[in-house]
Amino acid sequence: MKKHFMFKNLLLGIIAVSFFFTSCKKEEEKDLTLSELMAGDIDLNGATAPTNVPVDPVITATFSTDVDPTTVTASNITLTQDYDDSSIPLTVSASGNTVTIDPQEALGSGTLYLLNLGSGLLSTDGKPLEALERSFTTEGTFAPSGVIAYWNFEDDADDQTGTFMPSDVIDIDYEASRNSAAGMAATFNGSTSLIRIPNGDNLSNTDDFALSFWVNADSTKHGQFVMGLSAWFGFQFEIAGDYSACKLAAQYDFGDGSSNSDDLWFPGNGETKDNGGWQGWTFCADLRDEGGVKALLADKWAHIVCMYNSSTKVGSMYINGELMKAQDFNLWPDDDPKQGIVGLKFAGNEGNNTFVFGFIQDYNDPTLSDDWANYSNPANNHFKGQLDDVRFFHKVLTETEIGLMYNSENQ
């Protein structure tokens, strides 16, 4: 009986020791798990995906145990832009049980992103993460990533990227914009209003170029120089005096040190190379039965995008999300150097590279000496109306991005 009791206790002891070591082993072998995922103070790991993440987030992922830094790579951690499935370049690093995820450029606003943490992420003792995906949307209305300069005119003329700040703001009022979400817009009086932005050549000197803006032109003013950088020696956007056309005139780089200007001109008459128009015009919307260009631009808000694509050598203009004009420099005459255009170029006076809102060029050391281009004459084509949400990109925007931007900001 005593022997039986001793054997029973010994057996229970063995079972207890076995359970202890088994429990420890199971604890040690527990897979790597995510404890916390934050963008600043915004929780990315909650039950509801946040919609207010800033466009320049630094994301920190905290795990249950230390992470093997050699597994913290671009193949194991990805950030994808939902609307076009493009991958966002990231800088990733690990310290202990924390992984830092830093997008290499500002994200687009109002955009859904998908963050994937893959099973290739390992703890320092080789235990894997169960792959997971989290989503978030950046704050604001939609705009593509890669913006070089952005003016939203919320009671000032500051560039929201902090790069192209104004040196002078003359006779500008800030009033309600096209809708409540758009906030305020800059109002120009048509005679003296001007916003001066130094170093405008850095907006112009680029291979790929895109300019997006909202404009509300007051038709009591006949002839509107909406904005300009030394006129066509940099670039300018202009609305004709009778509102029959609009254009982006720009200086184009031939890649050999020389340059010349050309107009991305939209008359709304449907003329292309196939029906009597210039041989390089591949598309022109026909608005003659709809009131022409004036019906789009006079006394109402319009969203305009002008672009040059250096890889295709195509210039294009979109108004309210729709293609209005396209021209292909590959189709220019064989002896025309414009077939070799590589991008845009600033060719104005070296002493003044100031970009302005409200006129064709700056008043200080102007490139054009003509009387009609003289800022001091209030009867000239100073812009009268409102501007809002002006963005410059050194990249080409897709039709999807242009449509999303218009639809988002038009709400």
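In the predicted model, β22 and β23 form a hairpin in which two residues lie between the strands, and N320 in this turn has a positive phi of about 55 degrees. Most residues other than glycine have a negative phi. N320, placed in the loop between β22 and β23, is thus described by a positive value in a residue other than glycine, with phi near 55 degrees. Strand β22 (residues 314-319) pairs with β23 in the antiparallel sense over six bridges, and within this pairing V314 stands opposite D328 of β23. Strand β23 (residues 322-328) is itself mostly covered, five of its seven residues being buried. A further antiparallel partner of β23 is strand β20 (residues 281-284), the two being paired over three bridges, with F283 standing opposite A326 in β23.

A positive phi is also found at D299, where the value is near 60 degrees in a residue that is not glycine. D299 is placed in the loop between α3 (292-297) and β21 (301-309). Because its relative accessibility is 47%, which lies between the limits of 20% for buried and 50% for exposed residues, D299 counts as partly exposed.

Another hairpin is formed by β16 and β17, with five residues between the strands, and here S230 takes a positive phi near 55 degrees. The pairing of β16 with strand β17 (residues 235-239) is antiparallel and extends over five bridges, and the bridge partner of F225 in β17 is E238. Six of the six residues of strand β16 (residues 224-229) are buried, so this strand is largely enclosed by the rest of the structure. β16 is also joined by two bridges to strand β25 (residues 355-357), the two strands running antiparallel, and in β25 the bridge partner of M227 is F357.

F357 also belongs to the nonpolar interior, since the largest nonpolar core comprises 55 residues and those with the most contacts inside it are W151, F237 and F357. The element that gives the most to this core is strand β15 (residues 209-217), which contributes five residues. When neighbours within four places in sequence are left aside, F357 is in contact with W151, F153, F188, S193, L194, I195, I197, V226, M227, L387 and V390. M227 therefore appears both as a contact of F357 and as the residue whose bridge partner in β25 is F357. A second, separate core of 26 residues includes I59, I77, I88 and L115.

Two open sheets were examined in turn. In one, five strands follow the order β2-β1-β3-β7-β6 with antiparallel pairing. The edges of this sheet are occupied by β2 (42-43) and β6 (90-95), each with a single partner strand, so that one side of each is left without a neighbour in the sheet. The partner of β6 is strand β7 (residues 98-103), with which β6 pairs in the antiparallel sense over six bridges, and the bridge partner of A94 in β7 is V99. In the other, four strands follow the order β5-β4-β8-β9, again with antiparallel pairing. Its edge strands are β5 (86-87) and β9 (132-137), each of which pairs on one side only. Between these edges, strand β4 (residues 77-81) is joined by five bridges to strand β8 (residues 112-117), the two running antiparallel, and in β8 the bridge partner of T80 is L114.

The empty space of the model was also analysed. Rolling a probe the size of a water molecule over the atoms shows where empty space is left. The largest pocket has a volume of about 540 Å³, and of the 24 residues that line this pocket, the closest to its centre are S109, Y150, N152, Q160 and R391. Two or more residues of the lining are given by each of the elements β10 (147-151) and β26 (384-393). By class, the lining is made up of nine nonpolar, nine polar and six charged residues.

Conventions. Residues are numbered from 1 along each chain as its sequence is written. This is a predicted model: local features need pLDDT of at least 70, side-chain atom pairs count only at pLDDT 80 or more; totals for chains, interfaces and linings use all residues. Side-chain values use heavy atoms; hydrogens and water are left out. Two strands pair if DSSP finds at least two bridges between them. On a 1 Å grid over the protein atoms alone, a cavity is a set of points where a 1.4 Å probe fits but cannot get out, and a pocket is an open set with protein on both sides within 12 Å along at least five of seven lines; lining residues have an atom within 4 Å of a point. Grid points are joined across faces, edges and corners, and a volume is the space filled by probe spheres set on the points. Ala, Val, Leu, Ile, Met, Phe, Trp, Tyr, Cys and Pro count as nonpolar, Asp, Glu, Lys and Arg as charged, and the others, Gly among them, as polar. A nonpolar core is a set of buried Ala, Val, Leu, Ile, Met, Phe, Trp, Tyr and Cys residues joined through side-chain atoms within 4.5 Å. Buried means under 20% relative accessible area, exposed over 50%, partly exposed in between (1.4 Å probe, protein chains only). Contact means heavy atoms within 4.5 Å.
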